[in-house]
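Here are my notes on this structure, written as numbered points. Keep the sequence and the 3D view open as you read.

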Amino acid sequence: MTPLSPESTVAEWLDHPAGGPILRRMLAENGQSAGTLRAVRRFRMSRLVALSGGRLSAEEVERLAAEANATAPGDAVDVPGSADVPGSADVPGAATTAPPPRPEGRERCTPGRFTGSTVVITGAGSGIGRATASRVAREGGRVVAADLDRDRLDALAAELDAQAWHPGHPGPGHEIVPVRADITDADGIAAIVQAADGRVDALANIAGITDGMVPLHEVDDELWHRVFEVNLHGMFRLTRAVLPLMRAAGRGSIVNVSSEAALRGSTAGAAYTASKHAVVGLTRSAAFMYGPDGIRVNSVAPGGVATGIEGAMNSALGRERIEPTLAALPDIAEPEHVAASIAFLLSEDSVNINGALLPSDGGWSVQ
Ligand code: NAD
């Protein structure tokens, strides 16, 4: 048997005669099946550790690898009824051997694409927002990077400093203006606009939260309001504050991040799904109203993306109904893949696109 290690892929673990049963047992102990790992089967186990938010430690993976490598062939006992999703053989259209690790997200930066532009980006401390802020900054933009978490923004600025001579970067240094701001709060909106200093060429409304996959009859008022405050009302208030600057300038590009949950009812709970459908409505209304002013407003709908976003399933009914949809999810994307779609719509490259809803989901929406 090929020895397993943290650098083996999830598919290699699941296909392994000893590692597969061990991994499926661990999942079963946490109320999960191997099906939940299907879309990340090409990730290395070490990447899962980074994504797990502390739920799976590097030490635990080392311990499981040692256990698997010490198990003699034939001695492994699988979890009864757990052969639902092995690493490769049962995935329709997949090779009978484990697929290769997913390639690192490769970016093709356009040097200078945002030079001279001020771009406001919310949720810039993590995931898709961080990747978008990084890309726009490396393409020459002055980025007003807003997030609840100032430390994460400072870490982004430090990372970009360290990469000042990256091949995709137009030159040394970058212009990141970190703003600790809560977009659900009037002071937060004011702080972001103030940091923009009278000029906003583009706005990416990316900050968002999930809802625990809770179906309508289980949603309490607090959950409903919190999800709408962040995912819709924050975006609405910040856009309302920025539009006068764009209208006065006679130009601007706005990208609102929605979700696969804006396209269907089967990927999240009631509050998240409704809020993301509303993001599309807000996008289309603004695109229609301000198109003649030279302002374009579009939406990107990501599928599954490897970020820090909360993925909890807080409802038994929600889990039962949604898990089969997630089992058909294409490979999870890296944040940089979605940032490329957002940067395109923020930039002049999309000059003829207004009011569009762009799925950036590896083709999930055509299933
Ligand atoms: P993430 O959790 O990695 O990052 C979100 C960032 O937003 C965090 O840094 C957080 O601090 C910030 N934020 C949250 N509430 C805020 C507030 N009130 N004010 C300011 N900042 C706030 O999440 P992500 O996966 O990068 O998600 C970004 C967007 O993409 C969200 O709108 C999300 O709904 C959407 N999306 C994500 C996925 C996915 O699979 N990750 C799929 C579809 C859509």
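1. **Overall make-up.** The protein contains 11 helices and 7 strands. Bear in mind from the start that this is a predicted model. There are 367 residues, and buried ones make up 49% of them. The exposed surface comes to about 16,500 Å². Carbon and sulfur atoms supply 54% of that surface.

2. **Contacts across the sequence.** Take the contacts in the protein with a separation of 6 or more. Residues 24 or more positions apart account for 76% of them.

3. **The largest nonpolar core.** This core has 27 residues. Which of them touch the most other members? They are I121, V143, I176, I342 and L346. Several elements each supply at least two residues: β1 (118–122), α5 (127–138), β2 (142–147), α6 (150–162), β4, β5 and α11 (335–346). The helix α11 gives the most, with 5 residues. As background, nonpolar side chains tend to be buried together in soluble globular proteins.

4. **L346 and a second core.** Look at L346 next, leaving aside its neighbours within four places in sequence. L346 is in contact with F114, V119, T132, V136, A202, L203, A204, S253, V255 and R296. Apart from the largest core lies another core, of 26 residues. Its members include W13, L48, L56 and W364.

5. **Helix α9, length.** Helix α9 runs over residues 270–290, which is 21 residues. At 1.5 Å a residue, α9 should span 30 Å. The C-alpha atoms at its ends are 30 Å apart, so the model agrees with the expected span.

6. **Helix α9, buried side.** The buried residues of α9 are A270, A271, Y272, T273, S275, K276, V279, V280, T283, A286 and A287. What covers them? The cover includes α8 (221–249), β5 (252–257), β6 (295–302) and β7 (357–360). A general rule helps when you read such a list: an α-helix has 3.6 residues a turn, so residues three or four places apart point the same way.

7. **S275 in detail.** S275 lies in helix α9. Is S275 buried or exposed? Its relative accessibility is 0%, and the cut-off for buried is under 20%, so S275 counts as buried. The side chain of S275 makes a polar contact with the side chain of N231, at 3.2 Å. Leaving aside neighbours within four places in sequence, S275 is in contact with V227, F228, N231 and L232.

8. **R247 in detail.** R247 lies in helix α8. Its relative accessible area is 48%, so R247 is partly exposed. R247 and P292 are 45 residues apart in sequence. In space, their C-alpha atoms are 9.9 Å apart. Setting aside neighbours within four places in sequence, R247 is in contact with Y290, D293 and I295.

9. **Two positive phi angles.** Most residues other than glycine have a negative phi. D197 has a positive phi of about 60°, although it is not a glycine. M213 also has a positive phi of about 60°, and it is not a glycine either. Where do they sit? D197 is in the loop between α7 (186–196) and β4 (202–205). M213 is in the loop between β4 and α8. Their exposure deserves a check too. D197 has 62% relative accessibility, so it counts as exposed. M213 has 14%, so it counts as buried.

10. **The ligand and its shell.** There are 28 residues around the ligand. Which come nearest? They are S126, I128, D147, Y272 and T307. The elements that give two or more residues to this shell are α5 and α9.

11. **Polar atoms at the ligand.** An oxygen atom of the ligand is 2.5 Å from an N or O atom in the side chain of T307. Another entry involves V305: a backbone N or O atom of this residue lies 2.9 Å from an oxygen atom of the ligand. At I183, a polar backbone atom is 3.0 Å from a nitrogen atom of the ligand. How much of the ligand does the protein cover? On its own, the ligand has 830 Å² of accessible area, and the protein covers 91% of it.

Notes
Residues are numbered from 1 along each chain as its sequence is written. This is a predicted model: local features need pLDDT of at least 70, side-chain atom pairs count only at pLDDT 80 or more; totals for chains, interfaces and linings use all residues. Side-chain values use heavy atoms; hydrogens and water are left out. Helices (H or I, at least four residues) and strands (E, at least two) are DSSP runs, numbered from the N terminus. The expected span of a helix is 1.5 Å times one less than its number of residues. Buried means under 20% relative accessible area, exposed over 50%, partly exposed in between (1.4 Å probe, protein chains only). Contact means heavy atoms within 4.5 Å. A nonpolar core is a set of buried Ala, Val, Leu, Ile, Met, Phe, Trp, Tyr and Cys residues joined through side-chain atoms within 4.5 Å. A polar contact is a pair of N or O atoms within 3.5 Å; within protein, one must be able to donate a hydrogen and the other to accept it, and residues adjacent in sequence count only if both atoms are side-chain atoms. A residue is near a molecule or strand if one of its heavy atoms lies within 4 Å of it. Accessible areas come from the Shrake-Rupley method with a 1.4 Å probe; for residues, only the protein chains shown count as cover.
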